[in-house]
Amino acid sequence: PRQEAELLAALRSGQEDAFETLVRAHSGRMLSVCRRILRNEEEAKDAVQEAFVSAFRGIQSFEGTAQLGTWLHRIAVNASLMRLRSKKRRLEESIDDLLPAFREDGHARIQPRDWSPSAVLLVEERETREFVRACIDRLPEIYRIVLLLRDIEELDTAEAAEVLGVSDGVVKVRLHRARHALRRLLAERFGEGASS
């Protein structure tokens with residue numbers, strides 16, 4: 001906390017080496033989140049640059065209620081989302097076919113298999129990680145982004161809702177649907193029944 005307070009004071013006074021320290025300390029994580037959201041290296045680098053410019057311009061108004069890293073992370077997420085919004089919106093695909101189907105008695109037609117031990121081992125393999133990433137990338141943007149924010153970036157529901165400009169309820173519904181859709185896509189690899 002003391003080091004962060006000193007860095008913040010140096011940033012506010014315009015010390016060049018303080019900005020350099022901030023960039024060195026946080027650019028890697030910011031680039032990582034921007035890559036996941038934008039799925040394009042150059043776009044991600046541009047978003048990080050925009051995020052740092054926004055942070056430098058807004059450092060005087062930073063209240064210090066959150067850590068600098070958390071604040072920068074949110075700015076990076078917002079910069080990425082703004083880039084997505086500024087692109088021509090493509091038609092969102094329906095994920096209805098990927099959601100669970102239910103019998104008349106309310107039970108799922110297909111009971112999900114417990115992947116715990118075998119999936120954890122498989123995910124450690126590079127090929128499987130790439131498959132999982134590809135499945136996440138197949139989700140329509142509104143579901144992919146909420147899944148990334150909640151499950152990868154570990155924002156809580158309220159934080160994700162604030163970043164996306166939607167209600168907590170919308171985040172919960174989209175996340176629930178995204179997880180079901182992702183599970184169905186992953187079933188292609190892990191052998192769970194794919195018909196509903």
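The paragraphs below go through this predicted model from its overall make-up to single residues.

The chain has nine helices and zero strands, and from the N terminus on its elements run α-α-α-α-α-α-α-α-α. Confidence varies along the chain. The mean pLDDT is 84, and 87% of the residues reach 70 or more. Among the elements, helix α3 has the highest mean pLDDT, at 93, and helix α5 (residues 116–123) the lowest, at 56.

Of the chain's 196 residues, 37% count as buried. The accessible surface comes to about 12,000 Å², and carbon and sulfur atoms make up 49% of that area. Contacts reach across the sequence: among those with a separation of 6 or more, 69% are between residues 24 or more positions apart.

The interior comes next. In soluble globular proteins, nonpolar side chains tend to be buried together. Here the largest nonpolar core has 56 residues, and those with the most contacts inside it are L11, I37, L68, W71, L81, L139 and L149. The elements that give two or more residues to this core are α1 (2–12), α2, α3, α4 (68–86), α6 (126–138), α7, α8 and α9 (168–190). L11 is one of the residues with the most contacts inside the core. Leaving out residues up to four places away in sequence, L11 touches A18, F19, L22, I59 and L68. L68 is also on the list of residues with the most contacts in the core.

Helix α2 can be followed in some detail. It spans residues 16–38, and it bends by about 50° at H26. Its buried residues are A18, F19, L22, M30, L31, V33, C34, I37 and L38. A18, F19 and L22 are also among the residues that L11 touches, while I37 is one of those with the most contacts inside the core. C34 has a relative accessible area of 0%, which is under the 20% cut-off, so C34 counts as buried. C135 is buried as well, because its relative accessible area is 1%. The count of disulfides in the model is zero.

Two residues stand out for their backbone angles. Most residues other than glycine have a negative phi. Just after α2, however, R39 takes a positive phi of about 60°. R39 lies in the loop between α2 and α3 (41–58). R39 is partly exposed, because its relative accessible area of 33% falls between the limits of 20% and 50%. E154 likewise has a positive phi of about 60° although it is not a glycine. E154 sits in the loop between α7 (141–152) and α8. With 64% relative accessibility, over the 50% limit, E154 is therefore exposed.

After that loop comes helix α8, which covers residues 157–164 and includes T157. Is T157 buried or exposed? At 14% relative accessibility T157 lies under the 20% cut-off, so it counts as buried. Which residues is T157 in contact with, leaving aside its neighbours within four places in sequence? They are R150, D168, V171 and K172. Of these contacts, R150 falls within the range of α7, residues 141–152, while D168, V171 and K172 fall within that of α9, residues 168–190.

Key:
Residues are numbered from 1 along each chain as its sequence is written. This is a predicted model: local features need pLDDT of at least 70, side-chain atom pairs count only at pLDDT 80 or more; totals for chains, interfaces and linings use all residues. Side-chain values use heavy atoms; hydrogens and water are left out. Helices (H or I, at least four residues) and strands (E, at least two) are DSSP runs, numbered from the N terminus. Buried means under 20% relative accessible area, exposed over 50%, partly exposed in between (1.4 Å probe, protein chains only). Contact means heavy atoms within 4.5 Å. Accessible areas come from the Shrake-Rupley method with a 1.4 Å probe; for residues, only the protein chains shown count as cover. A nonpolar core is a set of buried Ala, Val, Leu, Ile, Met, Phe, Trp, Tyr and Cys residues joined through side-chain atoms within 4.5 Å. A disulfide is a pair of cysteine sulfur atoms within 2.5 Å. The bend at a residue is the angle between axes fitted to the seven residues ending there and the seven starting there. pLDDT is the predictor's confidence in each residue, from 0 to 100.
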